[in-house]
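Biologist: Please take a close look at one part of this protein for me. I would like to hear about the largest pocket and what lines it.

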Amino acid sequence: MALRRALHFIFKVGDKSKTATFYRDVLSMKILHHKEFEEGCKATCKGPDDGKWSKTTVGFGPEDDDFVAELIYNYGVGEYRLGNDFLGLTLQSSQAVSNAKWLGWPLTEFGKGHYLAEAPGGYRFYLVDKDQPPNDPVQKVSLSGSDLQKSIHCCSSLLGMKVKESNKEKTTVLMGFTDTQCKLELHNIVGAVDHGTAFGQIPVQVSRKPQNPYYLSLDTCGNNTVEVAIWAETDAHEICFVSSRDLRLGRRFTFQQDNDPKHTGKATLDWFKGKHLNVLEWPGQSPDLNPIENLWYDLRMMEATVLLGTFNAADLCLDTILSLSSTDNSFDLIIILFILPLFNQVG
């Protein structure tokens, strides 16, 4: 997982049913997580209302590696006005093209193997009719800008992006962190950038939040109430900086342990909860599934064989040998002092 990369784009949606059909049935994205909120959020990309709202994250794979979509639904708000700021999202998936044709979802072909589909709300999605790549199928997010050179400077100096492609005739530039990650395509337009009420936001994962007086730090709902820094560039496109530690991407593993009292004690469980770690539920009276225990058994059998064979100690029974491991550290000490030297002798 890269230390710095674009994470997702935030879409405000007004029709949950049609939106679900598009992302799930047309694009074949999966629901990664969903959360309901009773109160509004300080971040303007969630607004403009302060009432009850929900957040649903969808994508082709987990946000640890893939660029995903975050769908914001404000209860009681049926539609939003589109501006000219968001120009589209491009992804490579022949399955999405096939799904759209089968479902009768409107497609406009604008080039060989290239189609335009509109999500509910008017958001544009450009579909490339090729097999989905092994890495992230989302290729780029396209945004407009009134001063291309200033936008390039902001993305390179503040975000650390590099220019990947540029087209002087079309006055566009493609910027990104690496070749395999979702990139940002900037289009120069004549006139001002209009964000409407449907404007979104691009959170960027960073190793640490930038320290700059032009950044605004605030608490947001949705990701364990983390600290973020909001930056609005020259055309007021919002970039949300989230540290990889606060976001806890890459920390979605499950911790395994048995029901030993020291594992199930209140202090231990509180520590796991405080660190936001998932713990595998372990059934009572279950067989020991910890693989290291099998290794200890095999090593004890080898210990008995080596000791009995080398010293010809017939009166040394197996139970006595196994009893040497009754304490936490004694068996490890025996291995170091006796077992390893014996292996060297008989080898």
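Modeller: What follows is a walk through the largest pocket and one residue in its lining. This is a predicted model, where local features need pLDDT of at least 70, side-chain atom pairs count only at pLDDT 80 or more, and totals for chains, interfaces and linings use all residues. Residues are numbered from 1 along each chain as its sequence is written, and side-chain values use heavy atoms, with hydrogens and water left out.

The largest pocket holds about 760 Å³ of space. A pocket here is an open set of points on a 1 Å grid over the protein atoms alone, where a 1.4 Å probe fits, with protein on both sides within 12 Å along at least five of seven lines. Its volume is the space filled by probe spheres set on the points. Lining residues have an atom within 4 Å of a point.

The lining has 31 residues, and the closest to the pocket centre are Thr90, Gln139, Lys140, Leu174 and Glu185. By type, the lining divides into 11 nonpolar, 12 polar and eight charged residues. Asp, Glu, Lys and Arg count as charged. Strand S10 gives the largest share of the lining, four residues. Strands are DSSP runs (E, at least two residues), numbered from the N terminus.

Now to Glu185, which sits in strand S13. Glu185 counts as buried because its relative accessibility is 12%; buried means under 20% relative accessible area, with a 1.4 Å probe and protein chains only. Leaving out residues up to four places away in sequence, Glu185 touches Lys140, Val141, Ser142, Leu143, Val173 and Leu174. Contact means heavy atoms within 4.5 Å.

Terms used
Buried means under 20% relative accessible area, exposed over 50%, partly exposed in between (1.4 Å probe, protein chains only).
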